[in-house]
Amino acid sequence: MSTSTVYLARMRVRNPDENNGVKIQNLCTAAGLSGIITEGDLTALKIHFGELGNDTFIKPVFVRSVVDSVRKLSGKPFLTDTNTMYIGSRHNAADHLTTAIRNGFAYAVVDCPVIIADGLTGNNYRDVSISGNQFKTVKIAQDIVDADAMVVLTHVKGHALAGFGGAIKNLAMGCAPPMGKRDQHQGMQAEVDESLCVSCGYCVTQCPFGAIHMEEKAIVDKSVCYGCSACLQVCPEHAISFHWDRDVPRFLERMAEYALGAVTGLKEKVLYISFLMDITPDCDCVPWSDAPIVPDIGFLASTDPVAIDAASLDLINQERGLACSSLHCHHEPGENKFTGVWDYVEGAYILEYAEKIGLGSRTYELVEL
């Protein structure tokens, strides 16, 4: 595999002419945004707006810096995401738009429209052909497919099933409608440890598919379960888990193939910007934000999603873990921080598989601005 370039701007600032917004615009320039955006390009800025109650999503003022960079090149930017599979504040476009505005992504702040790419109820998508081991076609939101260019804005953080969420996950889950998200989760099967279950019934109320019911203990109907992990994340006794060794590698492969489908029609018209700040243990999909596990690092930009994720992991692992965070081990520099939170998931496997299917390269050169 060839070596990809990843650009880094750290967050230390002592000069008003080089604030973080300026640094983000300089990253856009260095990483070649001018070669991606041409005049009139309808440019999707793929972002996660954060669930209501979450507060560590990408700051809207930083997003405005990217919007301004696209506008300077005469592109036509719009912020976009897709509806969720689980029940929450982004399950349909009406609620999703309301959430985006409440979290600060209003037109007056970001200076561009917000469009939910898969329509009102998540049924606006197209089948995209790929050559994968798990899929031959994947479902991608129509407004992503129809865009002329895309800038993928990713808040790098942990994730209960994937280990971590980076640019690849942002593409895979974030560009897919609920049916596509189900495709990726298919095969993950929640399991209840009856010795830990206290029959509180909270998991029953949180399952979006009605796959759990109560008898003496919680029972999962595996013919209905889509493996979304909503139950796992809310169980107060940690009585719900998955068959990690069997199911997670397949889940990560499915995500990588969906990420490939998300960019198949865009060719060389995608830029990735990753935000290594507020590096929390959980996805922004949860309606809370736990304490960061490492200090803020900075911003990355690249045209290669695999390389930028590889660089993100390396930079995070080089940091010393923060005390009073959810890290239960791996605090020392060089140790894997996300397995220090989710010790049953080796999320880096997705990089190996993504490289194998041609999504990008794990070999990168880090250029610090």
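When I say that two residues touch, I mean that they have heavy atoms within 4.5 Å of each other. With that in hand, let me take you through this structure, which is a predicted model, beginning with one residue, Met 150.

Leaving aside residues up to four places away in sequence, Met 150 touches Thr 43, Ala 44 and Lys 46, then Ile 144, Leu 171 and Cys 175, and further along the chain Ala 262, Val 263, Leu 266, Lys 269, Val 270 and Leu 271. Met 150 and Leu 171 are also the residues with the most contacts inside the largest nonpolar core, which has 86 residues. Which helix gives the most to this core? That is α10, residues 244–263, which contributes 11 residues. There is also a second, separate core, made of 36 residues, and among them are Phe 49, Phe 57, Leu 79 and Ala 301.

Staying with α10 for a moment, this helix packs with α7 at an angle of about 140°, and the two axes are 8 Å apart. On the α7 side the contact is made by Gly 180, Asp 183, Gln 184 and His 185, and on the α10 side by Phe 251, Arg 254, Met 255 and Tyr 258. Taken by class, the residues of this contact are 3 nonpolar, 3 polar and 2 charged.

Let me now turn to the empty space. Rolling a probe the size of a water molecule over the atoms shows where such space is left. The largest pocket has a volume of about 730 Å³, and of the 42 residues lining this pocket, Tyr 86, Arg 90, Gln 233, Cys 285 and Val 286 are the closest to its centre. At least two lining residues come from each of the strands β7 (149–155) and β8 (157–159), and likewise from each of the helices α6 (167–172), α7 (178–185), α8 (202–206) and α9 (230–234). The lining of the largest pocket has 17 nonpolar, 17 polar and 8 charged residues.

Finally, how many cavities of 30 Å³ or more are there? The count comes to 3. The largest cavity has a volume of about 90 Å³, and of its 15 lining residues, the closest to the centre are Cys 197, Cys 200, Cys 203, Ala 218 and Cys 235. That lining divides into 12 nonpolar, 2 polar and 1 charged. The second largest cavity holds about 80 Å³ of space, and is lined by 15 residues, with Cys 207, Cys 225, Gly 227, Cys 228 and Cys 231 nearest its centre. In the lining of this second largest cavity, 13 residues are nonpolar, 2 are polar and none is charged.

Notes. Residues are numbered from 1 along each chain as its sequence is written. This is a predicted model: local features need pLDDT of at least 70, side-chain atom pairs count only at pLDDT 80 or more; totals for chains, interfaces and linings use all residues. Side-chain values use heavy atoms; hydrogens and water are left out. On a 1 Å grid over the protein atoms alone, a cavity is a set of points where a 1.4 Å probe fits but cannot get out, and a pocket is an open set with protein on both sides within 12 Å along at least five of seven lines; lining residues have an atom within 4 Å of a point. Grid points are joined across faces, edges and corners, and a volume is the space filled by probe spheres set on the points. Helices (H or I, at least four residues) and strands (E, at least two) are DSSP runs, numbered from the N terminus. Ala, Val, Leu, Ile, Met, Phe, Trp, Tyr, Cys and Pro count as nonpolar, Asp, Glu, Lys and Arg as charged, and the others, Gly among them, as polar. A nonpolar core is a set of buried Ala, Val, Leu, Ile, Met, Phe, Trp, Tyr and Cys residues joined through side-chain atoms within 4.5 Å. Buried means under 20% relative accessible area, exposed over 50%, partly exposed in between (1.4 Å probe, protein chains only). Axes are lines fitted to C-alpha atoms, for helices over the stretch in contact, and angles run from 0 to 180 degrees between N-to-C directions.
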